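Trainee: I should like to learn how the features of a structure are read. May we go through them one at a time?

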Amino acid sequence: MRRCIELAKNGLGTTYPNPLVGSVLVYNNLIIGEGWHYKPGKAHAEVHAITNSKTNYNAAEILQSSPITSHQQLLEKASLYVSLEPCSHTGKTPPCADLIIASGIKNVIIGCVDPNPKVAGKGILKLKNAGCKVTQGVLEQQCKQLNKRFFTFQEKKRPYVFLKWAQTTEGYIAPIKKDKKQPVWISNPYSRQQVHQLRAQEQGIVIGTTTALVDNPSLTTRQWAGTSPTRLVIDRNLKIPKTAAIFNDKAPTIIITQVKQETTPNTSIIYEYSSFEKNLAQQICAIAQKHNLQSIIIEGGTKTLQTFIDENIWDQAFVYTGKISLENGIKAPVFNATLHSRNNIKDTSLCIYKNNTQ
Ligand code: AOF
Ligand code: ZN
């Protein structure tokens with residue numbers, strides 16, 4: 001199952017909106033086929049594992065040197081491990097449970113149940129009804145953690161929320177005043193590259209009006225291969241000029257505003273209404289949910305980050321502390337959270353916090 005999780009992670013950034021899934025076919029303690037789900041519309045993990053067993057080196061060796069003489073016989077004696085319950089429905093691809101049954105596999109080991117209401121136990125039932133032995137809940141927590149975005153989206157009806165900021169050792173995220181409309185770099189180039197990796201993995205990125213006006217960021221994925229996230233920009237009174245980088249054509253942009261504004265059909269700039277009176281973080285999450293974004297990064301500034309902290313709608317925080325010193329500045333958000341890990345990226349430290357109350 002650990003190998004299934006390892007394989008599944010290869011799909012991070014490409015399987016969305018589908019979950020990350022890995023599968024391994026085992027005979028006599030040897031892996032005889034493996035695979036992972038790569039992209040929506042493409043084969044699911046189990047399909048890859050079964051297909052791979054036809055050309056797998058270990059499988060070929062067994063067929064040559066044991067009483068088992070056909071691939072069919074081998075499948076009948078093999079065990080299929082999969083990190084998520086095999087699907088039972090016809091989506092973009094046919095049901096994996098049907099394929100497993102048809103291929104003659106009798107022993108199936110599952111990490112966790114699929115929370116998608118179209119599946120939710122029906123895959124397991126199908127397998128059991130066909131006479132397969134099913135073991136479920138193996139490394140269950142790790143398998144759920146693997147799909148924290150998918151599970152949060154399905155069960156809490158909101159995206160998984162990452163907070164991210166960089167601060168100086170004194171706890172400032174930016175100088176009070178600056179001359180140029182661009183960010184002042186607190187973290188080093190390596191940690192900035194890591195932030196681009198995060199952008200490639202997540203589906204949405206949120207900033208407030210001040211960050212858009214003062215830093216003029218484009219919020220795209222440039223220093224890592226992958227897709228740029230959808231930009232969600234808070235602009236209560238539509239103050240951000242159309243020349244701002246967030247309006248470039250590199251990714252869709254959702255403007256969250258209290259001004260009633262029509263969205264022009266077939267454009268990548270979408271206007272979404274928010275009342276701004278209370279629960280702004282909750283309203284932003286509802287907008288992200290409506291647009292099918294399973295994860296969002298709250299990128300700043302302090303006011304926007306603090307809104308999510310105060311409403312207690314966040315799951316994980318990435319806090320970079322750089323070596324540069326500022327005499328005076330805008331204070332970093334204030335929060336009370338459990339430190340999960342601490343790493344140094346050259347002269348910048350990265351503390352990852354988790355919200356244990358969620
Ligand atoms: C599996 N194995 O590898 C994955 C599963 O539209 P489709 O056909 O691609 O189905 C997508 C749904 O299938 C997805 O929402 C989730 O419930 C399940 N994903 N199931 O048996 C896989 N990726
Ligand atoms: Zn499937």
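Mentor: Let us begin with metal geometry: four donors count as tetrahedral if all angles lie between 85 and 135 degrees. Please keep in mind that this is a predicted model.

Trainee: Which geometry does the site of the zinc ion (ligand 2) have?

Mentor: Ideal angles at a metal are 109.5 degrees for four tetrahedral donors. Here the 4 donor atoms of the zinc ion (ligand 2) make angles of 98 to 118°, and the site is tetrahedral.

Trainee: Which protein atoms are donors of the zinc ion (ligand 2)?

Mentor: They are ND1 of His-44, SG of Cys-87 and SG of Cys-96, at 2.0 to 2.2 Å from the ion. Along the chain, their spacing reads H-x42-C-x8-C. His-44 belongs to the loop between strand S2 (30-36) and helix H2 (45-52), and Cys-87 to the loop between strand S3 (79-84) and H5, so this pair ties together parts 43 residues apart in sequence.

Trainee: How do H2 and H5 pack?

Mentor: Angles under 35 degrees count as roughly parallel. The angle between H2 and H5 is about 25°, with the axes 9 Å apart; the two helices are therefore roughly parallel to each other. Their crossing is left-handed. Glu-46, Val-47 and Ile-50 of H2 make the contact with Cys-96, Leu-99, Ile-100 and Ser-103 of H5.

Trainee: What is the handedness of the crossing of H5 and H6?

Mentor: That crossing is right-handed. Helix H5 (residues 96-103) and helix H6 (residues 122-129) pack at about 20°. In this contact, Ala-97, Asp-98, Ile-100 and Ile-101 of H5 meet Gly-123, Lys-126 and Leu-127 of H6; by class, these residues are 4 nonpolar, 1 polar and 2 charged.

Technical notes. Residues numbered from 1 in each chain as written. Chains lettered and ligands numbered in written order. Predicted model: local features only at pLDDT ≥ 70, side-chain atom pairs only at ≥ 80, totals over all residues. Heavy atoms only, no water. Axes fitted to C-alpha atoms, helices over the stretch in contact; angles between N-to-C directions. Helix = DSSP H or I, 4+ residues; strand = E, 2+ residues; numbered from the N terminus. Left-handed = near helix turned anticlockwise from the far one by under 90°. Contact = heavy atoms within 4.5 Å. Nonpolar A, V, L, I, M, F, W, Y, C, P; charged D, E, K, R; others polar. Donors = N, O, S within 2.8 Å, 3.2 Å for Na, K, Ca; no water. Tetrahedral: all angles 85-135°; square planar, octahedral: opposite > 155°, others 65-115°. Parallel < 35°, antiparallel > 145°, perpendicular 65-115°, else oblique.
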